[in-house]
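Visitor: Hey, I've got a structure to go through and I'm new to this. Can you walk me through it?

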Amino acid sequence: MDKTVNNKAWFLVLPVLVLVAFSAVIPLMTVVNYSVNDTFGNNQFFWAGLEWFEEMVTSSRLHDALGRQVLFSAIILAIEVPLGIFIALNMPKKGFWASLCLVLMALPLLIPFNVVGTIWQIFGRVDIGLLGRGLAAIGIDYNYTNDALDAWITVIVMDVWHWTSLVALLCYAGLQSIAQAYYQAARIDQASRWAVFRYIELPKMQGVLLIAVLLRFMDSFMIYTEPFVVTGGGPGNSTTFLSIDLVKMAVGQFDLGPAAAFSIMYFLVILLVSWVFYTVMTNLDKAEGQ
Amino acid sequence: MMRVKSSAIVMTIYLLFLLVPIYWLVNMSFKTNAEITGAFTLFPHELTLRNYAVILTDPSWYMGYVNSLIYVVMNTVISITVALPAAYAFSRYSFMGDKHLFFWLLTNRMSPPAVFALPFFQLYSSVGLFDTHIAVALAHCLFNVPLAVWILEGFMRGVPKEIDETAYIDGYGFGRFFIKIFMPLIASGIGVAAFFCFMFSWVELLLSRTLTSVNAKPIAATMTRTVSASGMDWGVLAAAGVLTIIPGALVIYFVRNYIAKGFALGRV
């Protein structure tokens, strides 16, 4: 759509700018300040330069947390995106059943994060949980509080439970926008089910899929509450992801300098990925507009 | 015919996968603790409302819900109020730096709350807002304002520009036009944006827990209290969990067609 050039529009944006500056820029500058200073309390600071950054870049603790985080996000994407597409393709197209599916599928998305953790904690426990008891009954040795692999599986299944619906709902919205004429043309050509998916549905879903991947990557990359409630980052450090480690360092141990340096690098990674996705998204919009 | 059947089977399996854990929570909330830890039952044999009674009669419990509701409503009102003019500006005008600003707003939705937890704590402590509802409401603006701007912008783009122009010719000022004519036109968009602000503020725990201690403590943080000397109070924990799901479940039907839009920042 053609828009009028008008720099006075800045006045309309001003309230947002002030508010977000207060809740984003000031805190971020505090972090920057901590990351280059050393403090012994009482608001006395000593210039530390890049010392904390050097310490963090070479720390094996950060490397391990980052490794676990990347592995976790990769597994989440590899499961949720194909599964979400598959579910969206199987959803009823309209009527009562479509509404029912939408409502039920959205339910996990609207549950507070720590309650999601609580649900899975209760569900998975060997002594009182349906899942834990059920697995024990069929002879599978499952205990997420002792076994690192079981803890990982629990956290991943929980995330799949929590967020696959989001991918499915986005894809569903994309599928709904495909005109019937495409399907009719495909039927005339006697296209196979796979060909319809590959050449009609998938290209039409490109835009929403991009958003789905972006959201799932970001949110899994900063996951905190759910694994914290279920496993507390354990057993040992096996499910300590970046955010959990960061909060432990900053609020638990009050290592402000290293935590701040950690935060900034974490934030830069997020910024970089957002920028890449945003650029691809806007280019895609332009291409569609032409 | 075969295809219809197979898709129905897939959906049934998936929905069961989604609902069984929730069922287990609801089931447990109606059981006594003795039944939870002693016997393994698929549905409560001794149906009890004690767990809910504990929450609804003890101020330290139900005030958690009140606190959460207060800051969530405050946050929703603030977010929508500041986002409305901004979304209008983005949807109608192009101005210096608009694209960069739009992207910057997006990064705030994407930034990890863990990065902001400690600085928020210090910022709000230093201005004397620690443990107040407004502190949490302002902190949640970090991700809710960008969300509201993006969703509202999407709805506003659907309103033809001719309406604005006609109103100006008829002698409406900007303020009167915006409130009397424009806002009713995007009423559904405002509803959807408000719902999502409410929801994202309601589900967030890390920031709200860091910024409060007693007076504004949210229900989510109160739930960690159920560990006591006599062991876990599983029944009350489950009941508290069920009560936090209710606000979302109540309105979900009305926004069912906009859920994808809300989660995707209005980009669908």
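Guide: Sure, let's talk through how the chains and helices meet. Keep in mind that this is a predicted model.

Visitor: OK, start with the two chains. How many residues does each of chain B and chain A put into the contact?

Guide: Chain B gives 92 residues and chain A gives 97.

Visitor: And what area gets buried between them?

Guide: About 8,700 Å² is buried between chain B and chain A, and carbon and sulfur atoms give 79% of that.

Visitor: How many salt bridges are there between chain B and chain A?

Guide: The count is 1 salt bridge. A:Asp219 pairs with B:Arg109 there, and their closest N and O atoms sit 3.4 Å apart.

Visitor: Can you show me a helix pair that goes across the two chains?

Guide: Try H1 of chain A, residues 10-35, against H5 of chain B, residues 98-110. They pack at an angle of about 35°, and their axes are 12 Å apart.

Visitor: Is that crossing left-handed or right-handed?

Guide: H1(A) and H5(B) cross in a left-handed way.

Visitor: Which residues in H5(B) take part?

Guide: From H5(B) you have B:Leu101, B:Trp104, B:Leu105 and B:Asn108. They meet a set of residues in H1(A), including A:Trp10, A:Val13 and A:Leu17. Sorted by class, the contact of H1(A) with H5(B) has 11 nonpolar residues, 1 polar and no charged ones.

Visitor: Let's stay inside chain A now. What's going on with H8(A) and H9(A)?

Guide: H8 of chain A covers residues 180-188 and H9 of chain A covers 193-221, and they pack at about 165° with axes 11 Å apart. Because of that angle, H8(A) is roughly antiparallel to H9(A). Their crossing is right-handed.

Visitor: And who's touching whom?

Guide: A:Tyr182, A:Tyr183 and A:Ala186 on the H8(A) side meet A:Val196, A:Ile200, A:Glu201 and A:Lys204 in H9(A). That contact has 5 nonpolar, no polar and 2 charged residues.

Visitor: Back to salt bridges for a sec. How many are there over all chains?

Guide: Searching the whole structure turns up 7. One pair to look at is A:Asp159 with A:Arg216, where the closest N and O atoms are 2.7 Å apart. This pair links distant parts of the chain, with A:Asp159 in H7(A) and A:Arg216 in H9(A), 57 residues apart.

Visitor: You mentioned H7(A). How does H5(A) pack with H7(A)?

Guide: H5 of chain A, residues 113-124, packs with H7(A) at an angle of about 130°, and the axes are 11 Å apart. So H5(A) and H7(A) are oblique to each other. H5(A) passes H7(A) in a right-handed crossing.

Visitor: Which residues meet in that one?

Guide: Among them are A:Phe113, A:Ile119 and A:Trp120 from H5(A), and A:Met158, A:Trp161 and A:His162 from H7(A). By class, the contact of H5(A) with H7(A) has 8 nonpolar, 2 polar and no charged residues.

Methods
Residues are numbered from 1 along each chain as its sequence is written. Chains are lettered from A and ligands numbered from 1 in the order in which they are written. This is a predicted model: local features need pLDDT of at least 70, side-chain atom pairs count only at pLDDT 80 or more; totals for chains, interfaces and linings use all residues. Side-chain values use heavy atoms; hydrogens and water are left out. Axes are lines fitted to C-alpha atoms, for helices over the stretch in contact, and angles run from 0 to 180 degrees between N-to-C directions. Helices (H or I, at least four residues) and strands (E, at least two) are DSSP runs, numbered from the N terminus. Angles under 35 degrees count as roughly parallel, over 145 as roughly antiparallel, 65 to 115 as roughly perpendicular and the rest as oblique. A crossing is left-handed if the near helix is turned anticlockwise from the far one by less than a right angle, and right-handed if clockwise. Contact means heavy atoms within 4.5 Å. Ala, Val, Leu, Ile, Met, Phe, Trp, Tyr, Cys and Pro count as nonpolar, Asp, Glu, Lys and Arg as charged, and the others, Gly among them, as polar. Buried area is the accessible area (1.4 Å probe) that two parts lose on being put together, summed over both. A salt bridge is a side-chain nitrogen of Lys or Arg within 4 Å of a carboxyl oxygen of Asp or Glu.
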